[in-house]
Amino acid sequence: MGWEALGQWGEDAVCIEPLTGGVANDVRSLRINGKLAVGRLGSRSDADLAWETGLLLHLDRHGLTVPVPIPTMDGRLFVNGLVVMEYIEGGSPETEADWRRVADTLRALHRLTQGWPQRPGWRSSTDLLHAETGTRIDLTAMPSEGVARCRAAWARLAGRATCVVHGDANPRNIRMTADRVGLIDWDESHVDVPDLDLELPHNAADLDPQAWDIAEQASAAWEAAVCWDDDYSKERLAQVRAV
């Protein structure tokens, strides 16, 4: 059905323009009931979208600033791969103080989602010590030496508690104002070890040297695996130490 499904949100629901940043999805600005919103159209399963929209509603109820799903006229949170969400105003973090606020927000996310079920079809970094595939990751496509390096980095996370990680907390996905930090684009969120969210500029999460090294190596390995084999993934794999 594609964008024709937008009619489920009302007769006055309209697309305004495409938004940059969507890789696996078609993302557009919308107007719903006279208010600015964001629509994301992709090929995620209903189970996947139910997990994501349920997570966002949970985080909103507990005070985090996230793109809250806007229901259709009959109460559905997605239709044929289309999700409509509130638009979040704000700018990207620039200073060390800004990034410390981001770190505090990510830690709140981690606290609020301890014991959360895994996103359907996904694997955590420590699952991939034994599994070879999970959603966008296919370790069989990587050189065996690279897989060994990634798994050595993830092995240092084994046994740690898990929670939901945002998975892509780069400046484009952060919307800050003076009184709140908003996190957008939850397309890569899944259950994993929180260290994967904490390799932040200025070491804003205040990790000690060993913890920083673990987070840095595990994050580089994850980003290498999740988008293999473009230039960025090869650059990230080069940052993972040889075994």
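Let's start at D195, which at 10% relative accessibility counts as buried, because the cut-off for that label is under 20%. Keep in mind as we go that this is a predicted model. The side chain of D195 meets that of R160 in a salt bridge, with 2.8 Å from N to O. This pair ties together distant parts of the chain, 35 residues apart: R160 is in the loop between helix 3 (144–155) and strand 7 (163–165), while D195 is in the loop between strand 10 (190–192) and helix 4 (209–226). R160 has a relative accessible area of 36%, so this residue is classed as partly exposed.

That contact is part of a bigger tally, since a search of the whole structure turns up 17 salt bridges. As background, side chains of opposite charge can pair when their charged atoms come close. Another one to look at joins R119 and E52, again at 2.8 Å from N to O. Here the partners are 67 residues apart, with R119 in the loop between helix 2 (96–112) and strand 5 (133–134) and E52 in helix 1 (residues 46–61). Both ends are hidden away this time: R119 is buried, and so is E52. These two also belong to a network of salt bridges that links R40, R44, D48, E52, R119 and D187.

For another salt bridge, go to D26 and R28, where the closest N and O atoms are 2.9 Å apart. D26 has a relative accessibility of 26%, so D26 is partly exposed. R28 gets that label too, because its relative accessible area is 24%.

D26 and R28 bring us to strand 2 (residues 26–32), which runs antiparallel to strand 1 and is joined to strand 1 by 4 bridges. In general, strands of a sheet pair through backbone hydrogen bonds, either parallel or antiparallel. If you want a spot to check the register, V14 stands opposite R31 in strand 2. Zooming out, the sheet is an open one of 4 strands, in the order 1-2-3-4, with antiparallel pairing. Strand 1 (14–18) and strand 4 are at the edges with a single partner strand each, so one side of each has no neighbour in the sheet. From one strand to the next, the twist averages 35 degrees.

At the other end of that order, strand 3 and strand 4 pair in the antiparallel sense over 5 bridges. One pairing to find there is A37, whose bridge partner in strand 4 is E86. So how enclosed is strand 4 by the rest of the structure? Largely, because 4 of its 5 residues are buried. An edge strand in the sheet can thus still be largely enclosed by the rest of the structure.

Now for the empty space. Rolling a probe the size of a water molecule over the atoms shows where empty space is left. The largest pocket has a volume of about 1,300 Å³. It is lined by 46 residues, and the closest to its centre are D168, N170, R172, N173 and D185. The elements that give two or more residues to this lining are strand 3 (35–41), strand 4 (82–86), helix 4 and helix 5 (231–238). Helix 4 provides the largest share, with 4 residues. By class, the lining of the largest pocket is made of 22 nonpolar, 9 polar and 15 charged residues.

D185 deserves a second look for its backbone. Most residues other than glycine have a negative phi, and most peptide bonds are trans. The phi of D185, though, is positive, near 55 degrees. D185 is in the loop between strand 9 (181–183) and strand 10, and its relative accessibility of 31% is why it counts as partly exposed.

D206 also has a positive phi near 55 degrees. Its place is in the loop between strand 10 and helix 4, the loop that also holds D195. Is D206 buried or exposed? With a relative accessible area of 56%, D206 is exposed.

One last backbone detail to pick out is the peptide bond from W228 to D229, which is cis, with omega near 10 degrees. D229 is found in the loop between helix 4 and helix 5, and both of those helices are among the elements that give two or more residues to the lining of the largest pocket.

Notes:
Residues are numbered from 1 along each chain as its sequence is written. This is a predicted model: local features need pLDDT of at least 70, side-chain atom pairs count only at pLDDT 80 or more; totals for chains, interfaces and linings use all residues. Side-chain values use heavy atoms; hydrogens and water are left out. A salt bridge is a side-chain nitrogen of Lys or Arg within 4 Å of a carboxyl oxygen of Asp or Glu. Buried means under 20% relative accessible area, exposed over 50%, partly exposed in between (1.4 Å probe, protein chains only). On a 1 Å grid over the protein atoms alone, a cavity is a set of points where a 1.4 Å probe fits but cannot get out, and a pocket is an open set with protein on both sides within 12 Å along at least five of seven lines; lining residues have an atom within 4 Å of a point. Grid points are joined across faces, edges and corners, and a volume is the space filled by probe spheres set on the points. Ala, Val, Leu, Ile, Met, Phe, Trp, Tyr, Cys and Pro count as nonpolar, Asp, Glu, Lys and Arg as charged, and the others, Gly among them, as polar. Two strands pair if DSSP finds at least two bridges between them. Axes are lines fitted to C-alpha atoms, for helices over the stretch in contact, and angles run from 0 to 180 degrees between N-to-C directions.
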